[in-house]
Amino acid sequence: MIFDVVVLGGGPAGMAAATEAARSGARVVLLEESPAPGGQVYRAPPAGFEMKPDRDRQEGDALRAALAVSGADIRTGCRVWGLGGGPLVPEGQPDAPFSLSALGADGAPFTVQARALILCCGTHERIIPFPGWTLPGVIGLAAATILLKAQGMLPGQRVVVAGAGPLLYAVAAKILAGGGSVAALVDAATSGEWLRALPALTARPDLLAQGAVWRARLLAARVPVLAGAQVTAAEGDKVLSHVRVGERVFQADALCIGHGLVPATEASRTFRARHAHRPEDGGWVPVLDAAQRTSVPLLYAAGDGAGVRGAAAAPAAGRLAARTALHDLGFSLEHASEEDAALERARRTGAAMARMMALRPAMVAAIPAETIICRCEGVTRAEIEHAATAGASTINQLKHFTRCGMGPCQGRMCGEAAGALLASARGVSVADIGFTTGRIPLRPVPMASILGDFDYADIPVPAPAPI
Amino acid sequence: MKTRFDVAVIGAGVMGCATALFLARGGMRVVLLDRGEICREASGVNAGTLTMQMTRAALIPYALRAHDMWMNMPAWCAGGDVLATACPGLSVAFTDAEAAMLEERARIRRAAGAPIELIDGRAAQAIEPGLADGVKLAGHCPIDGFASAYLTGRAFRAALQEAGVTLMEATPVRGIDGRFVLDTPAGAVAAQRVVLAGGVWLQDMAAWLGVTLPIKVLINQLVVTERMPPVMRTVLGVASGLLSLKQYANGTVLIGGGWQGIGDRTRGGVAVRSDNFLGNVRLAAHTVPALRQARVVRSWLGLEAETADALPAIGPIPGIDDAWIIGSVHSGYTSGPYMGRILAQAILGEAPELPLFPIDRLLHQRSNSA
Amino acid sequence: MSLRIPNVARPAPVTITVAGVPIVAHPGESLATALIAAGHWRFGEGEDPTRPRTAFCMMGVCQQCLLRVDGRLVQACLTPVVAGQQVTAA
């Protein structure tokens with residue numbers, strides 16, 4: 001069977017897109033890696049866990065409930081590894097249905113085909129490397145929110161929270177609420193930056209109020225808040241024991257640190273959609289029209305994976321992508337676009353926060369030479385700069401010169417910093433050094449899982465070359 | 001137009017680089033141009049297999065000499081290194097039909113100079129403990145090995161600069177006027193001689209000179225695993241040649257063999273086909289069962305050129321003085337540096353150590369417009 | 001003191017073994033959570049002591065938390081605890 005629409009990613013954008021398309025009568029399948037839909041912000045706790053629901057949880061539950069009754073085929077716990085179809089066809093052939101190969105929650109391989117594909121792949125965290133960031137006990141800020149909100153778990157007893165963006169204050173407040181202590185909050189942004197962001201934040205009084213509550217909690221707990229500061233080193237024997245911020249040293253058993261969010265564009269790159277480098281959107285993003293279309297016919301993108309605007313803005317973008325897809329597929333839609341002012345406010349606030357979380361070139365410039373940038377392959381800043389001097393001029397060539405980005409994470413963790421370092425060493429913009437080519441598998445896949453049962457005789461070995 | 005070079009080499013893959021390097025060392029003023037970056041197409045993304053058992057029989061004498069060059073690369077390439085590693089090679093047969101193919105191919109390759117012996121499955125497992133049971137027959141070649149192809153550009157770059165080659169990356173040649181003025185976005189580049197070394201784009205390059213040289217494009221898929229504990233110690237293939245396997249010092253296992261993906265001359269490598277990806281890794285896991293423990297992290301594509309008779313195009317371009325061509329060498333990485341060396345010998349007016357592969361045989365029609 | 005936040009209702013704890021040593025964890029929580037809660041921040045040594053295996057992104061991206069469960073390679077952050085799991089280094 002060929003679906004009308006496949007939605008890749010079950011965060012707020014994906015849940016809303018699948019719901020909207022299925023409600024309109026399309027045959028829809030949603031593929032999600034986690035055991036339940038939700039994404040990172042609206043992530044649900046595991047079955048059997050009950051914790052006091054917060055606002056995010058309630059919004060996530062509403063989206064989950066709507067999705068559950070939408071009629072969409074929801075496949076969670078599956079790992080999508082193969083992408084094909086669409087424009088990925090031999091020369092001269094018409095575009096094919098999109099084809100996604102995956103492993104189900106039960107480990108069984110399956111493939112879905114669909115006429116249209118909506119990418120709602122979200123983001124991953126940006127970490128600007130610093131000495132000791134690979135030490136156990138150092139985790140991402142988004143990682144900390146997952147532990148706190150979806151696992152009911154403190155990252156440590158005494159935690160340093162550091163980086164940029166509103167997540168800092170949310171994580172610190174939740175650690176305090178969960179009974180942990182916060183040794184320090186280290187905010188890369190100055191108070192002046194927050195002041196400049198204020199006008200955009202007033203569009204969302206609810207968030208402003210939330211932020212005020214968080215800050216009050218920190219104040220009450222006498223947490224040192226260091227503005228315009230950054231972690232200079234994480235140190236410890238085997239595991240983290242203390243965090244240096246310039247001259248100051250904080251004892252800590254966990255450091256939660258993140259410098260913003262990076263759109264996950266592996267799939268849109270694999271489908272060869274046009275991308276642009278927009279630091280204010282998080283980095284490389286697929287180029288979209290006003291109705292969420294990428295440059296590839298019947299391929300759409302929505303949510304933070306198409307440019308960071310936050311979870312609140314994502315469902316509307318997902319719904320718009322779904323309506324556009326159905327329109328392009330020839331469905332007649334009963335209701336027209338009805339995006340409201342709330343969406344515009346959410347987008348405005350999201351954009352202000354995204355700017356706050358954009359890559360900070362000064363922070364990259366301050367990375368010491370011997371710091372590991374690519375933790376999969378152990379490549380340091382000095383090695384990247386040496387490669388730049390030796391002639392590496394693009395991110396793909398940097399991989400060849402240094403193996404930076406060739407490990408299991410495929411540059412997802414180091415790509416931003418490596419790109420900024422290479423661009424800076426070459427004296428060009430990040431846009432000039434390009435992005436890494438997208439290739440399957442979308443995520444590392446265990447060979448044993450994809451092999452399945454097969455007979456040697458059934459392997460379709462092509463004809464041999466002439467002798 | 002600032003300088004007139006003695007020779008312009010168009011295409012900075014392994015053959016273009018080697019030709020340029022040896023021409024410069026022979027005293028010529030050389031410019032080497034590439035529309036992209038040095039060794040970033042087939043020369044930088046191939047499987048790095050340095051084996052006689054996938055090499056066409058006619059190329060074995062060349063591949064043997066190139067094998068020696070790869071193993072000693074730092075000595076002739078100003079320290080440039082692709083981490084070439086010598087190891088035994090095995091080509092295995094699981095069925096009677098494959099055994100028959102293996103026997104015939106081993107005999108032909110042996111006659112061409114490759115020291116291939118046929119052994120049984122047990123003997124093959126003694127050489128390669130990672131090999132699966134059920135091997136009926138294996139070809140064993142002690143002269144084999146592999147390299148890290150992605151290092152090729154880095155390895156050549158310093159040597160080219162040391163030899164005085166002017167390297168112009170990201171400089172697409174758009175056409176050739178007269179004898180020989182290359183039209184590029186960086187301005188005109190003039191040279192006394194021209195060498196076309198453009199891999200699958202040789203067909204387009206030959207057309208600049210009014211020469212019709214059909215070049216077929218193979219879209220070879222490759223797959224690599226995550227680092228894993230040692231599971232094999234040879235270069236391993238199957239009788240049909242549709243598998244190449246090797247484990248690098250860092251623990252990654254590279255799975256190749258020429259399964260076809262989607263792509264073309266215009267768009268380059270477009271996409272890895274999931275079905276061929278699966279077929280390729282199944283063949284790999286059947287041959288080395290421990291690969292079932294691996295995770296696959298990446299696949300990619302390399303474009304290989306092939307002439308009508310699948311033999312190389314290396315020599316002068318008929319009818320156009322001082323225009324030369326090099327490419328379309330089957331398993332071209334294996335023989336590449338040696339091919340560059342002998343073409344450079346010919347251009348320098350010396351007798352090549354081994355014969356070139358003139359393209360007269362491949363030309364159906366030709367105009368004299370150039 | 002436990003890292004697990006009080007006032008969260010959890011399924012009854014079960015036992016899994018980590019490198020042969022039993023630890024108690026709650027079914028459904030991730031293996032990454034279970035290991036960290038048990039004081040195991042280092043999931044495996046790898047090739048470089050400064051880059052051991054550990055949990056980092058918690059969302060399946062960074063690939064640093066690779067482990068073996070009953071012999072199969074899994075990411076600790078994406079794998080729920082199930083009673084009796086035998087966890088070893090990757």
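**Exercise 1. Helix H1 of chain A**

How many of the twelve residues of H1(A) are buried?

*Solution.* First, the ground rules. This is a predicted model, where local features need pLDDT of at least 70, side-chain atom pairs count only at pLDDT 80 or more, and totals for chains, interfaces and linings use all residues. Residues are numbered from 1 along each chain as its sequence is written, while chains are lettered from A and ligands numbered from 1 in the order in which they are written.

Step 1: fix the terms. Helices (H or I, at least four residues) and strands (E, at least two) are DSSP runs, numbered from the N terminus. A residue is buried if 20 or more other C-beta atoms lie within 10 Å of its own, exposed if 12 or fewer, and partly exposed in between, with C-beta atoms placed from the backbone.

Step 2: count. Eleven of the twelve residues of H1(A) are buried, so the helix is largely enclosed by the rest of the structure. Among them are Pro12(A), Met15(A), Thr19(A) and Glu20(A).

Step 3: find the neighbours. The buried residues of H1(A) pack against strand S1 (2-8), strand S2 (28-31), helix H2 (55-68), strand S6 (109-119) and helix H8 (314-329) of chain A.

Step 4: check the length. H1(A), residues 12-23, reaches 16 Å from its first C-alpha to its last, close to the 16 Å expected at 1.5 Å a residue (the expected span is 1.5 Å times one less than the number of residues). After the helix comes Gly25(A), with a positive phi near 100°.

**Exercise 2. Unusual backbone spots**

Find where Arg222(A) and Ala170(B) sit, then look at two cis peptide bonds.

*Solution.* Step 1: Arg222(A) is not a glycine, yet its phi is positive, about 55°. Look for Arg222(A) in the loop between helix H6 (205-220) and strand S11 (225-227) of chain A. With 8 other C-beta atoms within 10 Å, Arg222(A) is exposed.

Step 2: Ala170(B), also not a glycine, has a positive phi of about 50°. Its loop runs between strand S6 (166-168) and S7 of chain B. Ala170(B) has 13 other C-beta atoms within 10 Å and is partly exposed.

Step 3: in chain A, Ile440(A) and Pro441(A) are joined by a cis peptide bond with omega about 0°. Pro441(A) belongs to the loop between helix H14 (430-433) and S22 of chain A.

Step 4: in chain B, the bond from Arg179(B) to Phe180(B) is cis, with omega near -20°. Phe180(B) lies in the loop between strand S7 (175-177) and strand S8 (181-184).

**Exercise 3. Following S10 and S16 of chain B**

Which strand does S10(B) join through ten bridges?

*Solution.* Step 1: note that two strands pair if DSSP finds at least two bridges between them. Strand S10 (residues 216-225) of chain B runs antiparallel to strand S16 (residues 295-306) of chain B, and ten bridges join them. Here Gln221(B) has Leu301(B) as its bridge partner.

Step 2: S10(B) also pairs with strand S13 (residues 253-256) of chain B, antiparallel, over two bridges. Val223(B) is bridged to Ile255(B) in that strand.

Step 3: cross to the other chain. Strand S22 (residues 445-446) of chain A pairs with S16(B) over two bridges, in the antiparallel sense. Pro446(A) has Arg295(B) as its bridge partner.

**Exercise 4. The interface, seen from chain B**

How many residues of chain B are in contact with chain A?

*Solution.* Step 1: use the contact rule (C-beta atoms, placed from the backbone, within 7 Å). It puts 47 residues of chain B in contact with 37 residues of chain A.

Step 2: sort by element. Those giving two or more residues to this side include helix H5 (96-111), helix H7 (152-162) and helix H9 (274-287) of chain B. H9(B) supplies the largest share, nine residues.

Step 3: sort by class (Ala, Val, Leu, Ile, Met, Phe, Trp, Tyr, Cys and Pro count as nonpolar, Asp, Glu, Lys and Arg as charged, and the others, Gly among them, as polar). The side of chain B that touches chain A has 22 nonpolar, eleven polar and 14 charged residues.

Terms used
Contact = placed C-beta atoms within 7 Å.
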